Amino acid sequence: DHQKFIPLASISELRLERTNRFEILVAWEEGSKSEQHRLRADSDEKTEEWFTAVKPLVYEAEAVQSVFIAAATRACLMVLRISTSMVPHCDNKIIPHHAGVHTTGALGEILKKDELEKHATCKFILRPWQKRTFQLYETGLAYYTDKQDHQKFIPMASISELRLERTNRFEILVTWEDGSKSDQHRLRADSDEKTEEWFTVIKPLVYEARSSSLSE
């Protein structure tokens, strides 16, 4: 008498939490409003099993959506440019990217992968620096926890600021636009040298994404 379909691409948050039993928290966007469900199976093992099956699908849907929206935008703009200015061989700029999506996965090739520390956005945490596994792609920066109960993908084109700063240690400050709001992360590796190395690899990708966006 009641049924509901939640598209994976609309899910904005997926978490596994424990009160007296394991629960899956699913938050998704439905039009202009945000909805949330708390779900559980008849045992903790089954709840974890459901979470483990759903989480990579949500991550893949988010990544594919980011990549293909960008690709579709570039393709549309390229067609417009060809029809108005007759630029020769413009389609060659699209084909390598399209091929890359299919040959190396939705996000493309992993350029760099390592465990970094991310400073928690919540102020009331005893240990604010939290370890996450980061994967760098040409299209963006992805990170997740060891248990993969939290994961995030930041498209390169959405990064508005990238800085290397020093307090007692080097930190990378990443600011990006997420819809109508701006978010920021503070990241660091286990040494200043590695933090600088990550910054050096990321910054040309951000610059290239920004240049492509401006030229289009």
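Q: Why does L25 count as buried?
A: L25 has 9% relative accessibility. Buried means under 20% relative accessible area (over 50% is exposed, in between is partly exposed; 1.4 Å probe, protein chains only). Since 9% falls under 20%, L25 counts as buried.

Before going on, a word on the model. It is a predicted one: local features need pLDDT of at least 70, side-chain atom pairs count only at pLDDT 80 or more, and totals for chains, interfaces and linings use all residues. Residues are numbered from 1 along each chain as its sequence is written, and side-chain values use heavy atoms, with hydrogens and water left out.

Q: Which residues does L25 touch, not counting those up to four places away in sequence?
A: They are E13, L14, R15, E17, Q36, H37 and R38. Contact here means heavy atoms within 4.5 Å. With H37, the C-alpha to C-alpha gap is 5.9 Å, though the two residues are 12 apart in sequence.

Q: What is the place of L25?
A: L25 sits in strand β2. Helices (H or I, at least four residues) and strands (E, at least two) are DSSP runs, numbered from the N terminus.

Q: How do you know that β1 pairs with β2?
A: Two strands pair if DSSP finds at least two bridges between them. β1 and β2 (residues 22-30) run antiparallel and are joined by 7 bridges, so they pass that test. Within the pair, L14 is opposite V26 of β2.

Q: Which order do the 3 strands of the open sheet follow, and what is left at its edges?
A: The order is β1-β2-β3, with antiparallel pairing. β1 (11-18) and β3 (33-39) each have a single partner strand, so one side of each lacks a neighbour in the sheet. From one strand to the next, the twist averages 15°; the axes are lines fitted to C-alpha atoms (for helices, over the stretch in contact), with angles running from 0 to 180 degrees between N-to-C directions.

Q: Why do β7 and β8 stand at the edges of the sheet of 7 strands?
A: That open sheet is ordered β7-β6-β5-β4-β10-β9-β8, with antiparallel pairing. β7 (151-155) and β8 (159-166) have a single partner strand each, so each has one side without a neighbour in the sheet. Ignoring direction, neighbouring strands here are turned by 30° on average.

Q: How many bridges link β4 and β5?
A: There are 8, between β4 (residues 112-119) and β5 (residues 129-136), in the antiparallel sense. Across them, E117 faces K131 of β5.

Q: What makes R166 a charge over the ring of F170?
A: The rule asks for NZ of Lys or CZ of Arg within 6 Å of the ring centre and within 35 degrees of the ring normal. The charged end of R166 is 4.8 Å from the centre of the F170 ring, so the distance part is met. F170 is also the bridge partner of R166 in β9. Their strands, β8 and β9 (residues 170-178), share 7 antiparallel bridges, and a hairpin of 3 residues connects them.

Q: Where does the charged end of R18 sit?
A: It lies over the ring of F22, 4.7 Å from its centre.

Q: How many helices and strands does the protein chain have?
A: It has 3 helices and 10 strands, running β-β-β-α-α-β-β-β-β-β-β-β-α from the N terminus. Of its 216 residues, 35% are buried.
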